[in-house]
Amino acid sequence: MPHRAPGSPGHGPADYLQGKQIRYYRPTGSAEVRQLIDGGFQAFNAGRLSEACHIFSDKMLAPASDTTIGLTVAGALTPAGLGGCVIELMERGLIDFMISTGANLYHDLHYALNFKLHRGSPFLDDVDLYEQGIIRIYDVLFPASVLLETDSYIRDFLVRSGLEGAISTSEFHYQLGLDLLAHNPECAEYSVVAKAAQCGLPIYTSSPGDSSIGMNIAYHELMNGSTLMIDPNRDVNEVCAIILAGHQNGCVILGGGSPKNFYLQGQPTLWEVYGIPKGGNDYFIQITTDQVVWGGLSGATPAEAVSWGKINPGVLPDTVVAYCDSTIAFPLFCEYAVGSEHNRRTRRELVHRRKDLVADLLRQAKAGKAATDAKDAAARVAHQPAEIDRHR
């Protein structure tokens, strides 16, 4: 029986945190995994995962493609240990920027601060866990003190950093990563936020108030009178500027949710709002358990995205959705990529280029607006009726 009643042998409070510590797994490019995916993953969703591996490794990473690659992350993936896969991709330059839920970045800080998360069971007495001060994320367990001490670190960082005024989430996460590195340079090997700062890779959060990081920023304003404000407008423009600058653009989407849309809205923002005919994505890979039949964005297919201008119509063969749990599929995907021919690229270090990229977005948007205004003015003149000769 997978479930045991509370109080049964082996499920007392003293045993809740006896499971193995969850650590970040770093892919090594296993030849055996590549053989399995190439030879054994032939149909259904195994076939789709194999297809995703080949689109990423053979096309998106090919030097001739010069693809700017965004990774979006939704779902409790860092608590499950998948941050190591992200770190490996960052270090090798295989992704260029990231959009994540705030929760994934918050839980990443537990690793950076050397707190322990443990393997557990989803079949526990949550009332007893609450009384024992233990937090459960499905089958991940850790003491509530981990939350309190991580919160304390964030609040101390906010005071220590002196950050004030409106900033983007990419700037906030960059400064947070630098602070982590200053306290422990080695944490870049087991913290996504720290590694991103080290690699100059910008991380965005599409809903910054929806996490414990945002909760502590709110505390900082209320209790300390801080003027620090996360400005989503800056995030929107920075992501659009990154996409605009890309020779080709591609995404790897884990789960769906707000990070998926925040990335994909970049192309419609360019043509619909700024009048810049950039075109949509050239590559699209999604690993998700969300279904298209419910009508939500998380399950929306790349074919549907074509109608919005998010995906270029001619590139649908280079898009794929693998319906699978990311905790299963993403490590296999990363093993395949790390073992591929194009397993390392020069890092773009976009965090240092944001100002120039946004300036170019502004230049092109103003030029487009001027051209549109001139065209509209000419059209109005052409449609004006001829002046009537009053002396006739």
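What volume does the second largest pocket have? In this predicted model, the figure comes to about 200 Å³. Thirteen residues line the second largest pocket, and those closest to its centre are A74, G75, L77, D325 and S326. By class, its lining splits into five nonpolar, six polar and two charged residues. Two of the names in that central group, D325 and S326, come up again further on, with helix α14.

The largest pocket comes in at about 240 Å³. Its lining is made of 15 residues, with I22, R23, A80, G81 and R119 closest to the centre. Sorted by class, the lining of the largest pocket has seven nonpolar, four polar and four charged residues.

Now for the chain as a whole. The secondary structure adds up to 15 helices and eleven strands. Taken along the principal axes, the C-alpha atoms fill a box of roughly 110 × 60 × 40 Å. The chain has 392 residues, and 49% of them are buried. Among contacts with a separation of 6 or more, 80% are between residues 24 or more positions apart.

Helix α14 is a good place to look at burial up close. The helix runs over residues 326-338 and has 13 residues, so at 1.5 Å a residue it should span 18 Å; the C-alpha atoms at its ends are 17 Å apart, which agrees. Eleven of those 13 residues are buried, so α14 is largely enclosed by the rest of the structure. The buried set is S326, A329, F330, P331, L332, F333, C334, E335, Y336, A337 and V338. As for what does the covering, the list includes the helices α1 (31-40), α2 (44-60) and α3 (83-91), along with the strands β1 (67-73), β9 (248-254) and β10 (283-288). The N-terminal end of α14 is capped by D325, with a side-chain oxygen of D325 lying 2.8 Å from the backbone nitrogen of T327. D325 is also one of the residues closest to the centre of the second largest pocket, as is S326, and S326 is among the buried residues of α14.

There is enclosed space inside the model too. Five cavities of 30 Å³ or more are present, and the largest cavity has a volume of about 70 Å³. Its lining consists of G102, T169, F172, H173, T205, P208, S211, I213, G214, I217 and I230. Two elements give two or more residues to that lining, namely α7 (169-183) and α9 (212-224). In terms of class, the lining of the largest cavity has five nonpolar and six polar residues, with no charged ones.

Helix α9 is also where N216 is found. Is N216 buried or exposed? With a relative accessibility of 4%, N216 counts as buried, because the cut-off for that label is under 20%. The side chain of N216 has a partner in R155, and the two are joined by a polar contact of 2.8 Å. Setting aside neighbours within four places in sequence, N216 is in contact with D151, I154, R155 and L158.

Another buried position is V239, which sits in helix α10 (residues 232-245). Its relative accessibility is 1%, so V239 counts as buried. Beyond its neighbours within four places in sequence, V239 is in contact with F97, I99, Y204 and F262. V239 and R348 are 109 residues apart along the chain, and their C-alpha atoms are separated by 14 Å.

What about the loop between α10 and β9? G246 is found there, and at 5% relative accessibility G246 counts as buried. Leaving out neighbours within four places in sequence, the contacts of G246 are with T68 and K278. G246 and Y16 lie 230 residues apart in sequence, and from C-alpha to C-alpha they are 48 Å apart in space.

How values were computed: Residues are numbered from 1 along each chain as its sequence is written. Side-chain values use heavy atoms; hydrogens and water are left out. Helices (H or I, at least four residues) and strands (E, at least two) are DSSP runs, numbered from the N terminus. Buried means under 20% relative accessible area, exposed over 50%, partly exposed in between (1.4 Å probe, protein chains only). Contact means heavy atoms within 4.5 Å. The expected span of a helix is 1.5 Å times one less than its number of residues. A polar contact is a pair of N or O atoms within 3.5 Å; within protein, one must be able to donate a hydrogen and the other to accept it, and residues adjacent in sequence count only if both atoms are side-chain atoms. On a 1 Å grid over the protein atoms alone, a cavity is a set of points where a 1.4 Å probe fits but cannot get out, and a pocket is an open set with protein on both sides within 12 Å along at least five of seven lines; lining residues have an atom within 4 Å of a point. Grid points are joined across faces, edges and corners, and a volume is the space filled by probe spheres set on the points. Ala, Val, Leu, Ile, Met, Phe, Trp, Tyr, Cys and Pro count as nonpolar, Asp, Glu, Lys and Arg as charged, and the others, Gly among them, as polar.
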